[in-house]
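Below is a walk through a structure with several chains, from one sheet outward to the contacts between chains. Keep the sequence and the 3D view open while reading.

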Amino acid sequence: MSALSQGRHQVAESTFSFLHMELVQMALGPNSATPTTSQLQLASRKIEAIGFQVGQRLVERYTKDRPRFTDTLEIIKFICKDFWVEVYRKQIDKLQTNNRGVYMLQDNSHPTLARCSAPTATSATTAKQMAALHIKFPSGLIRGALSGLGVIASVSATIESELPRCQFTIKITAPSAPPPA
Amino acid sequence: MRRVGEAAFSKVEKINSELFSLTYGAIVTQLLKDYEEVDATNTQLEKMGYNIGVRLIDEFLAKAQVGNCGNFGETAEVIAKVGFKMFLGITAEVVGVSEKEFSLQLPENPLAEFVELPEQYGSLAYNNMLCGVLRGALEMVQMRVECSLTKDALWGDEVTEIRVVLKEMMEEEYVDDD
Amino acid sequence: MVVHTMQIFDRQGQPLYYREFNRPLAASKDEHKLMYGFLFSLKKLVASLSPKKGGGFYACSTSAYKLHYFETASGLRFVMTTDLAMADMRDVLRYIYSNFYVECLVKNPLWRPGEPITCPNFTKSLERYVATL
């Protein structure tokens with residue numbers, strides 16, 4: 001069996017980065033240099049949806065040999081640690097919760113954002129808008145990973161302060177089903 | 001060449017190919033939804049590949065220790081043994097080399113891990129993005145080429161094969177616009 | 001050892017980047033065009049004068065300064081002028097290409113190839129690096 005079929009094949013990290021960059025351009029469409037608000041929103045949704053699909057399938061692969069998670073918090077922690085490491089080679093830096101189904105995940109130096117550096121002519125707002133598109137994919141990944149583990153939630157991604165720091169806010173709408181009695 | 005490729009691959013940061021292949025698959029699915037037909041999707045995949053190739057060439061030139069290629073056949077070897085290795089972790093075989101064309105055969109293909117084409121998309125050139133990447137990258141080094149997917153494991157062929165045809169060696173021009 | 005200026009041209013001769021680190025006398029108008037034309041012609045001349053195939057020029061000097069040149073197969077031209085004490089700068093220019101151009105620009109989602117280079121990731125990293133030379 002080749003490494004490929006055993007799930008142990010590797011590609012260059014930049015191969016994925018280039019693909020991701022082009023995914024964002026594709027979602028923006030032909031007018032990618034100066035998108036309107038609605039174009040940005042549409043692009044956001046498309047990119048997030050692709051992240052969602054990938055997250056669902058990826059989490060299946062990453063957890064197939066693990067025992068079931070006992071509760072939602074464990075699932076979230078798994079995403080912050082093992083899952084994030086598999087995808088971004090680092091962990092989520094800070095996890096906060098209000099214990100009522102809302103979790104805030106902070107990545108102090110998200111790899112994609114760390115590479116974003118806007119030309120000086122770009123306004124700070126535009127730069128942040130464009131950069132924000134690049135965290136829609138990880139946002140979808142989280143939502144997809146949760147869904148794959150039975151947790152239905154909404155996930156939003158924001159750049160509260162400065163690049164390359166970003167936050168993902170998870171709002172659980174339906175927790176994972178309890179294990180069968 | 002193989003050793004050059006392995007050396008280059010050993011120096012780059014690597015990730016599990018699943019993230020890459022699943023993302024690629026999701027992109028193809030989205031394109032099929034957007035364009036609703038195979039030809040338009042094939043074209044879009046190639047275009048996206050081109051845009052990637054135009055950037056990727058600089059990472060290749062910077063990280064792989066390769067000199068200038070003397071002829072098209074050498075170019076083929078470099079792409080197959082160093083390029084594919086460095087970015088996709090696989091080594092391709094060069095076949096059918098002549099002064100103006102060559103084909104690359106991929107014994108295995110990370111883009112299409114676990115993919116099966118549904119019947120209504122049976123003629124989809126799933127791997128067309130690779131053709132675009134090659135076209136974009138080669139254009140940046142002054143070679144205008146046409147690349148096409150001639151065989152695909154997803155079509156039931158033994159291997160996946162890309163044919164590269166040299167259309168023009170671009171001469172450097174100095175245009176004085178005074 | 002002093003670095004005077006650094007510039008980057010693309011294959012079309014567009015000046016993508018120009019930075020003065022230490023340049024007492026002002027630049028002349030259209031200097032970029034002159035520079036590109038000079039490099040282009042010198043390259044051709046050097047190639048035709050060469051006793052063997054291959055090998056391009058990588059440096060030329062005057063009594064006051066030295067000009068170092070590095071061209072990538074993708075047509076990017078890196079030009080650095082320094083004082084005469086600087087020896088072979090090929091490795092330095094290659095380093096700049098590999099570690100700053102590729103890492104800070106090519107992989108930068110907010111920069112398009114062919115656009116003038118003003119991105120802080122690149123400019124600041126390059127400046128820090130040049131300061132160490």
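In this predicted model, Gln7(C) stands opposite Val79(C), a residue of strand S5(C). The pair belongs to the antiparallel ladder between strand S1 (residues 3-9) and strand S5 (residues 77-82) of chain C, which are joined by 6 bridges. On S1(C) there is also a ladder to S2(C), antiparallel as well, with 5 bridges. Here Ile8(C) has Tyr17(C) of S2(C) as its bridge partner. The hairpin made by S1(C) and S2(C) has 5 residues between the strands, and in this hairpin Gly13(C) takes a positive phi near 90°.

These ladders are part of an open sheet of 5 strands in chain C, ordered S2-S1-S5-S4-S3 with antiparallel pairing. At the edges are strand S2 (15-20) and strand S3 (59-61) of chain C, each of which pairs on one side only. Ignoring direction, neighbouring strands of the sheet are turned by 15° against each other on average. In general, strands of a sheet pair through backbone hydrogen bonds, in either a parallel or an antiparallel way.

Two helices that pack on this sheet can be described next. Helix H2 (residues 90-106) of chain C touches S1, S2, strand S4 (66-71) and S5 of chain C, and its direction makes about 125° with that of S5(C). Helix H3 (residues 120-131) of chain C packs on the sheet too, touching S1, S2 and S5 of chain C, with an angle of about 45° between its direction and that of S2(C).

Turn now to chains A and B. How many residues does the contact take from chain B and from chain A? Chain B gives 35 residues and chain A gives 30 residues. Between them the two chains bury about 3,400 Å², with 67% of it on carbon and sulfur atoms. On the side of chain B, the residues that lose the most area to chain A are Ile15(B), Leu19(B) and Leu22(B), together 20% of what that side buries.

One part of this contact is strand pairing: strand S1 (residues 10-12) of chain A and S1(B) pair in the antiparallel sense over 3 bridges. Ile15(B), in S1(B), is the bridge partner of Val11(A), and Ile15(B) is also among the residues of chain B that lose the most area to chain A.

Polar links cross between these chains too. There are 10 residue pairs in polar contact between chain B and chain A, counting pairs with both residues at pLDDT 80 or more. The elements of chain B that each supply at least two residues to the side touching chain A are strand S1 (14-16), helix H2 (17-35), helix H3 (38-63) and helix H4 (72-88). H2(B) gives the largest share, 12 residues. By class, this side of chain B has 20 nonpolar, 7 polar and 8 charged residues.

Salt bridges between chain B and chain A number 3, while a search of the whole structure finds 28 over all chains. In one of them, Glu13(B) and Arg89(A) have their closest N and O atoms 2.6 Å apart. This pair crosses from the loop between helix H1 (2-11) and S1 of chain B, where Glu13(B) is found, to the loop between helix H3 (72-88) and strand S2 (94-97) of chain A, where Arg89(A) is found. In another, the side chains of Glu18(B) and Arg61(A) meet at 3.9 Å, N to O.

Arg89(A) has a backbone feature as well: a positive phi of about 60°, although the residue is not a glycine. A second backbone feature of chain A is the cis peptide bond that joins Leu163(A) and Pro164(A), with omega about -5°. Pro164(A) is in the loop between strand S4 (152-158) and strand S5 (166-174) of chain A. For background, most residues other than glycine have a negative phi, and most peptide bonds are trans.

The remaining contact to follow is that of chain A with chain C. Here 19 residues of chain A touch 11 residues of chain C. The buried area is about 1,300 Å², and carbon and sulfur atoms give 60% of it. The interface has 0 salt bridges and 4 residue pairs in polar contact, both residues at pLDDT 80 or more. Helix H1 (13-28), helix H4 (111-114) and helix H5 (124-133) of chain A give two or more residues each to the side of chain A that touches chain C. The largest share of that side, 4 residues, comes from H1(A). Its residues divide into 11 nonpolar, 7 polar and 1 charged.

Note on methods:
Residues are numbered from 1 along each chain as its sequence is written. Chains are lettered from A and ligands numbered from 1 in the order in which they are written. This is a predicted model: local features need pLDDT of at least 70, side-chain atom pairs count only at pLDDT 80 or more; totals for chains, interfaces and linings use all residues. Side-chain values use heavy atoms; hydrogens and water are left out. Two strands pair if DSSP finds at least two bridges between them. Axes are lines fitted to C-alpha atoms, for helices over the stretch in contact, and angles run from 0 to 180 degrees between N-to-C directions. Contact means heavy atoms within 4.5 Å. Buried area is the accessible area (1.4 Å probe) that two parts lose on being put together, summed over both. A salt bridge is a side-chain nitrogen of Lys or Arg within 4 Å of a carboxyl oxygen of Asp or Glu. A polar contact is a pair of N or O atoms within 3.5 Å; within protein, one must be able to donate a hydrogen and the other to accept it, and residues adjacent in sequence count only if both atoms are side-chain atoms. Ala, Val, Leu, Ile, Met, Phe, Trp, Tyr, Cys and Pro count as nonpolar, Asp, Glu, Lys and Arg as charged, and the others, Gly among them, as polar.
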